[in-house]
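I opened this notebook to record what I looked up in the structure. The entries follow in the order of the look-ups.

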Amino acid sequence: MALRELNSLERFLGLKKPNKYSTQGGKKVPVLQNNNGPALIGLVTIASHLVHEAQRPELLGDSAEQRAVVQQWLEHRVTRLDNSSKEEVKVILKDLNQYLEDKVYLAGNDFTLADILMYYGIHHIVVELAVQEKERYLNITRWFDHIQHYPGVRHHLPPVVVLRNRVYPSGHH
Amino acid sequence: MTKENVQGAAEEEQQAQSKKGLKKQQKEAEKAAKKAEKQAKLAAEQQEADEDDFAKDRYGICPMVQSQQKLDRALVRVQDLTPEKAEQQIWVRARIHTSRAKGKQCFLVLRHQQFTVQALLAVGERASKQMVKFAANLTKESIIDVEAVVKKVEQKIESCSQQDVELHVERIFVISQSEARLPLQLEDAVRPEGEGDEEGRATVNQDTRLDNRVIDLRTTTSQAIFRLQSGVCQLFRDTLINKGFVEIQTPKIISAASEGGANVFTVSYFKTSAYLAQSPQLYKQMCICADFDKVFCVGPVFRAEDSNTHRHLTEFVGLDIEMAFNYHYHEVIDSITDTMVQIFKGLRDRFQTEIQTVNKQYPSEPFKFLEPTLRLEYKEAVAMLKAAGVEMGDEEDLSTPNEKLLGRLVKEKYDTDFYVLDKYPLAVRPFYTMPDPNNPKYSNSYDMFMRGEEILSGAQRVHDAQLLTERAMHHNIDLEKIKAYIDSFRYGAPPHAGGGIGLERVTMLYLGLHNVRQTSMFPRDPKRLTP
């Protein structure tokens with residue numbers, strides 16, 4: 001899973017030469033063997049490295065604050081979102097929906113790596129949501145639809161249908 | 001011991017005895033004295049009370065009405081208490097909804113069916129202290145006869161249905177007293193769920209209501225629901241009679257399961273067994289073959305389905321239609337949808353009071369429909385669902401969640417709560433459904449939906465004995481069991497189609513309620529056989 005993400009990320013970043021990744025451990029943590037030093041372990045570490053390699057540092061945030069927020073979401077992705085139980089998912093969705101109420105992107109006003117990796121990570125949950133649930137988590141659905149249409153982001157993942165209009169009256173939830 | 005000693009001892013004993021005896025006597029005497037005192041006091045109080053109770057004749061508990069007399073007295077209904085009757089002295093029979101004493105006054109709320117009115121009894125020239133006390137102590141739900149003067153009020157009484165008047169009580173008599181402890185409080189039973197949670201007040205859960213149905217049915221909401229349901233039945237009948245239909249009665253004890261053997265109740269029938277009818281299907285059709293052309297029937301339907309859902313009952317009332325047509329089964333669809341629209345219009349125009357009453361406890365959107373009724377093809381519906389991200393096969397039956405989602409999509413796109421879905425896949429329909437002439441995978445069958453839930457399943461029927469036999473064999477049905485049915489098509493049968501609706505489900509969906517047990521007076525489900 002993580003490897004497919006990294007491949008998609010490489011394509012988004014326009015990196016010409018795809019890297020060869022291996023995994024370690026039961027949880028299949030991705031590993032990138034570097035010639036110039038110790039191996040890079042972990043999705044976030046490798047992704048950040050790729051961003052620098054592609055010379056797109058703005059994807060990690062422009063200001064110190066934005067960089068911190070990006071890191072916060074990357075960490076959220078691997079520590080809370082991945083391997084979350086059914087009950088936890090409900091809480092995660094509720095919190096994320098509330099967070100996105102007044103934001104277009106996750107970190108500041110720009111598209112960042114946080115958006116990409118959160119999109120990859122949450123896709124398997126959103127694709128299973130019923131129409132009524134997608135309307136309940138309206139802000140997540142809006143953000144998700146925005147990111148999945150962002151040029152070059154959605155490679156290995158099937159598109160999720162998002163209806164233009166609400167079919168459930170707001171009192172319904 | 002010496003004689004003297006004995007004597008002495010005896011004497012002592014005697015003395016001791018008499019001492020004890022004395023004490024005992026004394027105690028008894030005291031007791032008697034106290035009792036006498038108490039009685040004298042009570043008697044005095046009673047006398048006092050009687051003496052002061054100048055209103056003694058104007059209240060009390062009536063002896064049980066055993067038709068002892070014919071009183072030429074007109075009783076006014078609570079719903080007729082309007083400002084037009086101001087200053088009139090009238091008699092009312094109603095239940096005590098609430099009674100509240102406040103100092104020298106007693107406020108009563110009297111209730112009859114959906115209507116409530118405030119009544120006032122105050123200590124004064126006409127009413128004694130004892131009379132007011134009597135009124136305040138009356139138990140809720142007791143049936144009383146009240147003679148009162150109707151008075152107009154300055155400020156509207158918001159909490160009652162009759163807001164512009166109040167009764168000033170002259171006489172008050174109990175016709176039938178209620179026990180003090182009620183199994184459920186009517187005020188709680190009409191409280192909306194949310195309000196209950198917010199204010200920490202009680203609401204009554206469904207099982208309690210159903211266990212004490214007689215009391216639950218007295219609530220304004222229940223009264224409204226079942227009056228509206230009666231209206232549905234009446235409008236169904238009236239509309240079809242006007243269209244030239246004949247009402248028929250079909251047997252409910254039958255020899256073969258009509259819809260497929262799984263969900264049928266078996267009854268012992270003398271030396272053999274029989275079944276309770278799952279639908280009047282077979283008999284409706286036989287009536288068509290008997291040249292009645294257009295028939296309908298209203299009667300119980302029995303489904304032994306172990307489904308514990310919000311919309312299934314084991315016994316419900318089926319309103320069934322069957323009609324011979326000229327050349328195309330859409331003639332029948334049009335007739336059925338027109339009947340439904342007439343029902344919706346009749347309810348909207350004549351039962352607004354009831355609809356508003358129900359909405360007070362169970363808020364919902366008013367029911368919307370189009371004229372002419374919206375008709376979609378099954379293929380279109382599948383396309384709409386796929387466009388909304390649902391994955392399903394083209395010939396797959398609609399699951400309940402998909403039906404509901406489709407209902408929402410149709411509502412959003414066409415703004416209607418009622419529509420027809422035509423041309424279902426043949427594989428998911430019963431054996432007597434006529435296949436589509438142009439595409440063997442589909443059929444001339446249709447479902448109708450209200451608020452996204454199915455209310456009617458119908459089709460053009462196979463009226464050819466040979467084709468019917470083939471279809472039955474294809475469905476592995478024992479031909480012996482349906483011999484009489486197949487035979488009815490052997491001697492000339494007109495092309496015909498029809499469908500049936502469930503009275504309880506239609507009422508539930510029209511009002512926007514969420515459980516069919518609310519619209520069934522004494523519901524039957526796998527877990528409930530009483531009351």
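I first listed the contacts of Ser142(B), taking contact as heavy atoms within 4.5 Å. Leaving aside its neighbours within four places in sequence, Ser142(B) touches Ala94(B), Arg95(B), Ile96(B), Ser176(B), Gln177(B) and Ser178(B).

I noted the basis of the model: it is predicted, local features need pLDDT of at least 70, side-chain atom pairs count only at pLDDT 80 or more, and totals for chains, interfaces and linings use all residues. Residues are numbered from 1 along each chain as its sequence is written, chains are lettered from A and ligands numbered from 1 in the order in which they are written, and side-chain values use heavy atoms, with hydrogens and water left out.

I then placed Ser142(B) in the loop between α2 (129–136) and β6 (143–152) of chain B. Its relative accessible area is 0%, so I entered Ser142(B) as buried (under 20% relative accessible area, 1.4 Å probe, protein chains only). A polar atom of its side chain lies 3.0 Å from the backbone nitrogen of Ser178(B).

I turned next to the largest nonpolar core (buried Ala, Val, Leu, Ile, Met, Phe, Trp, Tyr and Cys residues joined through side-chain atoms within 4.5 Å). It holds 51 residues, of which Phe418(B), Tyr446(B), Met448(B), Met450(B) and Ile455(B) touch the most other members. Helix α7 (residues 220–242) of chain B gives this core its largest share, nine residues. Beyond four places in sequence, the contacts of Met450(B) include Phe344(B), Phe367(B), Asp417(B) and Tyr510(B).

Technical notes: Helices (H or I, at least four residues) and strands (E, at least two) are DSSP runs, numbered from the N terminus. Buried means under 20% relative accessible area, exposed over 50%, partly exposed in between (1.4 Å probe, protein chains only). A polar contact is a pair of N or O atoms within 3.5 Å; within protein, one must be able to donate a hydrogen and the other to accept it, and residues adjacent in sequence count only if both atoms are side-chain atoms.
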